[in-house]
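Student: Could you take me closely through a single part of this predicted model, with its neighbours and its exposure to the surroundings?

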Amino acid sequence: MKRIRTIAAVVAVAAVFATTACTSTPPGSSSDPSEKANLTFWSWVPGVDKAVDLWNKENPNIQVKLEQTPAGSSGTYAKMYSALKAGKGAPDLAQIEYQELPGFVLENGLVDLKPLGMGVESSKFVDWQLGQSTFGDSVYAVPQASGPMGLYYREDIFSALGLKAPATWDEYAVAAKTIHDANPAQYINTFAPGNSAWFTALAWQAGAKWFGLDGDTWTVNIDSDTTLKVASYWDKLREAGLIKTEPDFANGWYSDLQNGNIVAWPSAQWGGSILSGNAPTTAGKWKVAPLPQWDSTYASANWGGSSTAVLKGTSNAQAAEKFAVWLNTDPQSISLLLAGGYGWPAAKNALAGSTLDKPEEFLGGQNANKDVFKKSDESINTSWGWIPTTANTYTHLNDGFQAAVEGHGTFVDAVKAAQTATIADLEAKGLKVRAGD
Amino acid sequence: MVLPLVYAIYESVTGIQRSGAFGQGGSSPVFVGLDNYITALGASAFVASLGRVLLFAVVQVPVMIILATALALLLDAASAWGVRFFRSAYFLPYGVPGVIASILWGFLYTPGLSPLVNFGSALGLNLDFLGGGSILWSIANIVTWQYAGYNMLVIVAQLKSIDADLFEAASIDGANAWQVITRIKLPLIRPAIVLTTVFTIIGTIQLFAEPLVLKPLSSAITSSFTPNLSAYNEAFANNNYNLAAAESVLLALVACAFSFGFLKLVTRGGSPS
């Protein structure tokens, strides 16, 4: 009897615990800006430590303690979510990628920055990047940077084979065959089956729009003909054995980049610092061309993109907002972040005169930012948005792509399966959802 | 002890209801009965992951226990020279944290970096440790490397506790070394073997760190490669604690069933000496 009562008490306590954890997050208190504030900031962007040092030197009253974390999807988001659920342990500020913002908004984890100053300061940012952190009438993060895409390729190897940078995806497929036929160890690129963010960007370029919001109802349109066209294109290259399917951002891939077994990479502007950092011996041999095209109208896409958000439970939301805006708009801060390779600034007019606008030795003296990425940035379909369960969608695609690489099904199957699974994910969150756009 | 279990069961029968696109109209937990269990068991990837760890256990447990027992008997039989060295050497991998061990082996498995793969290709062998057909056994290799020495030590401890008089009596009766092993040592170290087997069953069914670390290196490891990985992914990547709880409870039931099933099997068929 006693035991039953104990169990009942435990259940009751657990229930109370669960409900309070969901509802009682104290609002960020705003206070006098001259007041002292100590803030913690989780970020993994290279170079951010230098920007934070600069801020701390200039702002003795608002001291920011940077904690450098692994990339968000490598466990840091999980840590933030559990800290938010627990109601303590979350940092005041955090790096959050655009595709993850709706998830944090859904868990009621972010402070609305609009009344704290972002409403006025929003004009400092590129519209579409601001749109990535605006939900309804609220601005939940300060935009930081994006990843307009281009094609990195080994100019030396291409020209030795008489190839030019492919202007269309058809030409790209021909180049893939020429390269692999000439040297069976060489491949044009890897289709990393575990990195569906990359595939998502390529579908974005082709004109797909996966997610939307119709009133209170989320719309999911992953398996559109446009996306299936992209998936089937890579299916054909994979079935012909013309691409590698090893993971990217892994040692095997770095080693292939170093020894020239992978000779191209459709990637974002920040990809240059990945290449120069991991294959330094290939310096001077790379060039950047515009992303190969599907149609005659030039279209680009964005891969990656990040913001600085203020998390619920912060000790001083006003000070945190002030720092977040400074970090992403101050020219000196932007220079320091650019030096680390954080991407394409979300602040307006950041190219001219900045460290971005100069020839790069790694690219054999090409000024790729001016030649390629500026136009790429201007040609992104900016109506693209995300859902609160984007991470799940990535997982479904990864699982399907990996299965295809292992000989079970195709990339097309993976895309179709991700559509169904994504609708189920949103339903599981208690949200309204329908297929279509 | 029971609190986390009760909480897990509570979470596993709970769902969430929201109004508004971002739940701004309020959200509340609702009782959903067995819905999460139905979702878990309806997901072919989760069911496949259960099948995968069971297959893993069927192969891994006997290999591990036979190897550990053989090593223990060898060390026990060997002359004094080198015994201490080998005992420490076999035990050493246990001191390496599982994550580090997986990273080390990950390097040995990655084409382009691995001396093993290079050596194989020099001999004309195309070794693919990270492919779909081999990855489970590549993980088995890491697990065996790590824990065989530990299990061996548990068995050695029991071997040491055998009364020396028994061996003396056996040699007077003219028993050879093999007979000593099969008639005296093996029956007397039975409890240690049973114990290490149960631990190994539980350990293999809960397979987690090794596939998590190798995941970035291998396209064969999906987000739900093992049930634990699936629950981890649901809880921390997808924020679906309820489904994660249901999966965890199911996994605990499977581990329980197999451990107790094994114990029941050995106590029924066993001949206590």
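Tutor: Strand 1 (residues 37-43) of chain A pairs with strand 3 of chain A in the parallel sense, over two bridges, where strands are DSSP runs of E with at least two residues, helices are runs of H or I with at least four residues, and both are numbered from the N terminus; two strands count as paired if DSSP finds at least two bridges between them. Within this parallel pairing, A:Trp42 has A:Ala94 of strand 3 of chain A as its bridge partner. Strand 3 of chain A also pairs with strand 11 (residues 302-310) of chain A, here in the antiparallel sense and over five bridges, and in that pairing A:Ile96 is matched with A:Ser307 of strand 11 of chain A.

In a regular strand the side chains alternate between the two faces of the sheet. In strand 3 of chain A, A:Leu93, A:Gln95 and A:Glu97 point one way, A:Ala94 and A:Ile96 point the other way, and all are buried, meaning under 20% relative accessible area, with exposed being over 50% and partly exposed in between (1.4 Å probe, protein chains only). Because five of the five residues of strand 3 (residues 93-97) of chain A are buried, this strand is largely enclosed by the rest of the structure.

As for how these descriptions were made, the model is predicted, so local features need pLDDT of at least 70 and side-chain atom pairs count only at pLDDT 80 or more, while totals for chains, interfaces and linings use all residues. Residues are numbered from 1 along each chain as its sequence is written, chains are lettered from A and ligands numbered from 1 in the order in which they are written, and side-chain values use heavy atoms, with hydrogens and water left out.
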